[in-house]
Amino acid sequence: GTPVNVQLRVFGVTARIFKERMFHPTQKIIEHSPKKANRDESVTVEMTVAGGRGLERFVLSWMPEIEVLSPASLQEAIRAACAAVR
């Protein structure tokens, strides 16, 4: 698919996994919030990857501990996929 700049925020144990693993050569951590008494750890990552079903499946495989920050088209695709499951 066409290259897409993606920003994802991940929480909890998944945040630690994203800190330790490189899922794509362009992946970089742009924000890290350590665990606090009232909040799970979170990590925001950015990467430029091929858009399409593979990207959607990647995001869906980490649900519910992942949030798509951008692009809006990926946010909508994930919302639609989650709504279809209900």
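In this predicted model, helix 2 (residues 53-61) packs against helix 3 (residues 72-85) at an angle of about 60°. The two axes lie 10 Å apart. Helix 2 and helix 3 are therefore oblique to each other. The crossing of helix 2 past helix 3 is right-handed. Helix 2 contributes L55, E56, V59 and L60 to the contact. These residues meet L74, A77, I78, A81 and C82 of helix 3. By class, the residues of this contact comprise eight nonpolar, no polar and one charged.

The strands form an open sheet. Four strands are arranged in the order 2-3-1-4, and the pairing is antiparallel. Strand 2 (28-33) and strand 4 (66-70) are the edge strands, each pairing on one side only. On average, neighbouring strands of the sheet are turned by 25° against each other, with direction ignored. Helix 1 (residues 12-20) packs on this sheet. Helix 1 touches strand 1 (3-11), strand 2, strand 3 and strand 4. The direction of helix 1 makes about 130° with that of strand 1.

The strand pairs can be taken in sheet order. Five bridges pair strand 2 with strand 3 (residues 42-50) in the antiparallel sense. Within strand 3, T44 is the bridge partner of E31. Strand 3 also pairs with strand 1, again antiparallel, over nine bridges. Here V43 in strand 3 is the bridge partner of V10. Strand 1 is joined to strand 4 by four bridges, and these two strands run antiparallel. In strand 4, I66 stands opposite V10. V10 is thus placed by two pairings: V43 is its bridge partner in strand 3, and I66 is its opposite number in strand 4.

Charged side chains were examined next. Six salt bridges are found in a search of the whole structure. One of them is formed by R9 and E67. The closest N and O atoms of this pair are 3.4 Å apart. The R9–E67 pair links distant parts of the chain. R9 belongs to strand 1 and E67 to strand 4, with their positions 58 residues apart in numbering terms. Strand 1 and strand 4 are therefore connected in two ways, by four antiparallel bridges and by this side-chain pair.Two cis peptide bonds complete the description. A cis peptide bond joins M63 and P64, with omega about 0°. P64 lies in the loop between helix 2 and strand 4. The peptide bond from S70 to P71 is also cis, with omega near 5°. P71 is found in the loop between strand 4 and helix 3. Most peptide bonds, in general, are trans.

Key: Residues are numbered from 1 along each chain as its sequence is written. This is a predicted model: local features need pLDDT of at least 70, side-chain atom pairs count only at pLDDT 80 or more; totals for chains, interfaces and linings use all residues. Side-chain values use heavy atoms; hydrogens and water are left out. Axes are lines fitted to C-alpha atoms, for helices over the stretch in contact, and angles run from 0 to 180 degrees between N-to-C directions. Angles under 35 degrees count as roughly parallel, over 145 as roughly antiparallel, 65 to 115 as roughly perpendicular and the rest as oblique. A crossing is left-handed if the near helix is turned anticlockwise from the far one by less than a right angle, and right-handed if clockwise. Contact means heavy atoms within 4.5 Å. Ala, Val, Leu, Ile, Met, Phe, Trp, Tyr, Cys and Pro count as nonpolar, Asp, Glu, Lys and Arg as charged, and the others, Gly among them, as polar. Two strands pair if DSSP finds at least two bridges between them. A salt bridge is a side-chain nitrogen of Lys or Arg within 4 Å of a carboxyl oxygen of Asp or Glu.
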